[in-house]
Amino acid sequence: MGLTKERKAVLEGLCKQFRRTLLDTLYSVQTGHPGGSLSATEIITTLYFEVMKVDPKNPSWEDRDRFVLAKGHAAPMLYIALAEKGFFPKEELKTLRQLNSRLQGHPCALKTPGVELSTGPLGLGLSAALGMGLGARIQGKQFHTYVLLGDGEIQEGIVWEAAMAGAKYGIDNVVAILDKNGVQLDGPVDQIMPLGDVRAKWNSFGWNTLEVNGHKVEEIYDAIQEAHRVKGKPTIIIAHTVKGKGVSFMEGKHAWHGKPISKAEYEAAIKELEGGR
Amino acid sequence: MAGAAGKAMRQVYGETLVELGKTYPNIVVFDADVANSTRTILFGESYPDRFFDVGIAEMNMAAMAAGISTTGMIPFVNTFACFMVLRCGDPIRSLVAYTKLNVKLAGTYAGLSDSYDGASHHSILDIAFMRALPNMVVLSPADAADMKAATEAAVQYKGPVYLRIHRNECPDIPENDTQPFTLGKGKVLRDGRDITLIATGYMVHRAMEAALKLQQQGISARVVNIHTIKPLDTNLLRDCAKETGGIVVAEEHSIHGGLGGAVAEAIGRLYPVPIEFVGVRDTFAESGDYQALLEKYGLTSQHIVKAAEEVLKKKGAKG
């Protein structure tokens, strides 16, 4: 069973709202990473509002599903989703990256309700997610662990250490999603350090692989359901995305990995997002 | 005084893990292809379902352990001490320490104890790294009994712990073993009034030998085993400074950033007295017989005696 039309519309509505909130938030604090937050919007939204079982009133509920934002710089979009879920008040988003805030520049599991793992230094999230999956299996728990990686991130060697371990232990309760937006801080991934045939690489490491358009909630949803059905090995969903998605002057531009948004840029972006492009 | 050569610390560690595995069904053990050396192979034989040899991929090992700890398991991460710091350093800082995860880090072959493998495998900066991490507990046992107690204490404590483990047989120290091991508390192994010898790990028994030699010169040396480098027993250190007026710190570690640094930081603030440091003097060591290395790189009881004499001179000049 795929997404109903109604649910698809709800998720798309949330994505639109979250992009707008992201622009408001990053413009107001003049710091943070827009590009990678915008490319991950549909993925994070589908997970939190359609797939995952979590309890904002009891963030440490033992049987909750886990989400690890391995590409920790997309923290603003995670915070927006968590606030909408009710893990903390939405007004707190305005304190992002500011002194005494619970919303750190990169996710901190100690400070922010709903954040499962502190991330930021790239590459560690997949290994940790596999640890969570292993812990679930040993204890006979049914929860799933979802982990979102950036495509620049998989240049880190540890990701491939984790890839081997995931296959060796057949950790099938972990679903990795690759936000393949093709752009990293210094430029296009293909120029900085080409990844080659990403799907073939993961296949050869013993993973189940799927490919989706990472801006279509119904495709993301279907792939996750498919991943749940595959036993004996972990799944990675390669989500083709656009860095800066939704704000045309940010799309595909590495300069928008992380830079402050000017007033004129903010107004143009909001106009575009309101227009429902 | 130092008794006969006891069991190798790593063997005691491995056996203790097996015992603890009975009481704690939530202990899991990770190793990175050195299970025979770390002696976690014993745990693996007893509890194959809770043992994970992840291959030569230390960073992944530490990060997986961080993840599994969030599900209520107590992971022990095992590799050589030098790799624990240098290969696992990022997940240890960014996941384990930052988030106070309940992960135990067992760095074996510490100091120069993996002597023949050479400077690439020696570990003389691990204390400096580990004690600079907020939230990290740093344990450095002196002999077999300490090792067992430290491993048990690590499990009982909820949070990140680094266990510094020696490779070789260490002499049992009766004065040490008759006292209980309390995390965060130093042990006074021998009383004295002229100077305090503060040591950790293998150097504790060297300090006991040095105290005997000093006694022959009519010098009364107190000996303190600091098995918990962090949190440091600063009250005890302050009392020692006050009561003996001089300190020598001895450790199988660089003189930069280890126990010596920790003691100097505390004493400088609480009760400044002359202090000298016995340790590896800002150099890489080399391959060779373990005792020969300790001799060449300045880690014998005679070196402690010399350092004590320096302190006593300064103390005299000051007085």
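**Close-up 1. B:K7 and its partner B:E15 in the predicted model.** In this predicted model, B:K7 is partly exposed, with a relative accessible area of 45%, and B:E15 is also partly exposed, with a relative accessible area of 28%. The two residues form a salt bridge in which the closest N and O atoms are 2.8 Å apart.

**Close-up 2. A salt bridge between B:D114 and B:R167.** The closest N and O atoms of this pair are 4.0 Å apart, and the pair links distant parts of the chain, 53 residues apart. B:D114 lies in the loop between β5 (104-108) and α7 (126-131) of chain B, whereas B:R167 lies in the loop between β7 (161-164) and β8 (169-171) of chain B. B:D114 counts as buried at 5% relative accessibility, while B:R167, at 26%, counts as partly exposed.

**Close-up 3. B:E152 and B:K148 in helix α8 of chain B.** These residues are separated by about one helical turn, because they are 4 residues apart in the helix (residues 144-156). They form a salt bridge whose closest N and O atoms are 3.0 Å apart; B:E152 counts as partly exposed at 24% relative accessibility, as does B:K148 at 31%.

**Close-up 4. The contact between chain A and chain B.** Chain A brings 27 residues to the contact and chain B brings 25 residues, and the area buried between them is about 2,100 Å², with 70% given by carbon and sulfur atoms. On the side of chain A, A:L124, A:I138 and A:E161 lose the most area to chain B, together 23% of what that side buries. Across this interface there are 0 salt bridges, but 6 residue pairs are in polar contact.

Terms used. Residues numbered from 1 in each chain as written. Chains lettered and ligands numbered in written order. Predicted model: local features only at pLDDT ≥ 70, side-chain atom pairs only at ≥ 80, totals over all residues. Heavy atoms only, no water. Contact = heavy atoms within 4.5 Å. Buried area = accessible area lost by both parts, 1.4 Å probe. Salt bridge = Lys/Arg side-chain N within 4 Å of Asp/Glu carboxyl O. Polar contact = N/O pair within 3.5 Å; in protein donor to acceptor, adjacent residues only side chain to side chain. Buried < 20%, exposed > 50% of the residue type's maximum accessible area, 1.4 Å probe, protein only. Helix = DSSP H or I, 4+ residues; strand = E, 2+ residues; numbered from the N terminus.
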